[in-house]
Amino acid sequence: MLPMTTHPGKIVLVVLLLAASALSVDATDSAHKPHSRQPRGLGFFHKITHLGSLLYQQYNDTTYTLKNVYDLLSNEFTDTFTTTTPDPRTTPTTPDPSTSTTPKYRISRAELGRILNRNYRGLQKLFRLEWNDAWNQTKYNIDEYKRELKNSAFPPRNRTAGPINVDLSVEVKAELKNP
């Protein structure tokens, strides 16, 4: 272990000098070395082994995280069904809050299930409303598409311009030459 110094600038200077010397040694060595073939990349079996270790680590991380979440959730709920929250006006108060032994309110699993069930039913109802609205709009959109397609293929006559009085006859003057 290095002894403590009172001048951190000296340590930085020494580190910079060591790094510069290492870089200069690498530069001179590479100039004198003959060109050699670069080592190959990872082989097929090495890649498979590496992939297996990554999958194993991912599996361990996932199981550890799920275990922590399960433990956290199991510690936050009570097994008894409570329908009312404790009234803060009726609970006895102590002069010093640090000595209070009032347990914190915890929701029961049954009450959580009831709340989640109600939210799920609300989401189902919202989905059905949105689905029916989208289905009805699809019918109107298809009718609009067909009308626009028909108008693009066979455009309606322009009735706002009034009658067109244009003479489309062409007069041709041709003279025949005799030989």
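## Exercises on a three-helix chain

F44, F45 and I48 together make a nonpolar surface patch of about 380 Å². The model is predicted: local features need pLDDT of at least 70, side-chain atom pairs count only at pLDDT 80 or more, and totals for chains, interfaces and linings use all residues. Residues are numbered from 1 along each chain as its sequence is written, and side-chain values use heavy atoms, with hydrogens and water left out.

**Exercise 1.** Work out how exposed the members of the patch are, and how the rings of F44 and F45 sit.

*Solution.* Start with the patch rule: members have over 30% relative accessible area and no salt bridge, and nonpolar side chains (Val, Leu, Ile, Met, Phe, Trp, Tyr) are joined within 5 Å. Areas here come from the Shrake-Rupley method with a 1.4 Å probe. Next, sort the residues: buried is under 20% relative accessible area, exposed is over 50%, and partly exposed lies in between. F44 and F45 are both exposed, while I48 is partly exposed at 43%. I48 is found in helix α2.

Now the rings. Phe, Tyr and Trp rings (for Trp, the six-membered one) pair if their centres lie within 6.5 Å; planes under 30 degrees apart are stacked, over 60 edge-to-face, and the rest tilted. The whole structure has two aromatic pairs. One of them, F44 with F45, is edge-to-face, at 5.3 Å centre to centre and 75 degrees between the planes.

**Exercise 2.** Find the salt bridges and place each one on its helix.

*Solution.* Look for a Lys or Arg side-chain nitrogen within 4 Å of an Asp or Glu carboxyl oxygen. That gives two salt bridges.

- D71 meets K67 at 3.1 Å, N to O. They're four residues apart in helix α2 (residues 44-76), so about one helical turn separates them. D71 is partly exposed, at 29%.
- E144 meets R147 at 2.5 Å, N to O. These two are three residues apart in helix α3 (residues 109-153), so again about one helical turn lies between them. E144 is partly exposed at 33%, and R147 is partly exposed at 44%.

**Exercise 3.** Describe the chain as a whole.

*Solution.* Take the DSSP runs: helices are H or I with at least four residues, strands are E with at least two, numbered from the N terminus. You get three helices and zero strands, in the pattern α-α-α. Then check burial: 2% of the 179 residues count as buried. The accessible surface is about 18,100 Å², 63% of it from carbon and sulfur atoms.

Technical notes. Buried < 20%, exposed > 50% of the residue type's maximum accessible area, 1.4 Å probe, protein only. Patch = residues over 30% accessible without salt bridge, like charges linked within 9 Å, V, L, I, M, F, W, Y side chains within 5 Å.
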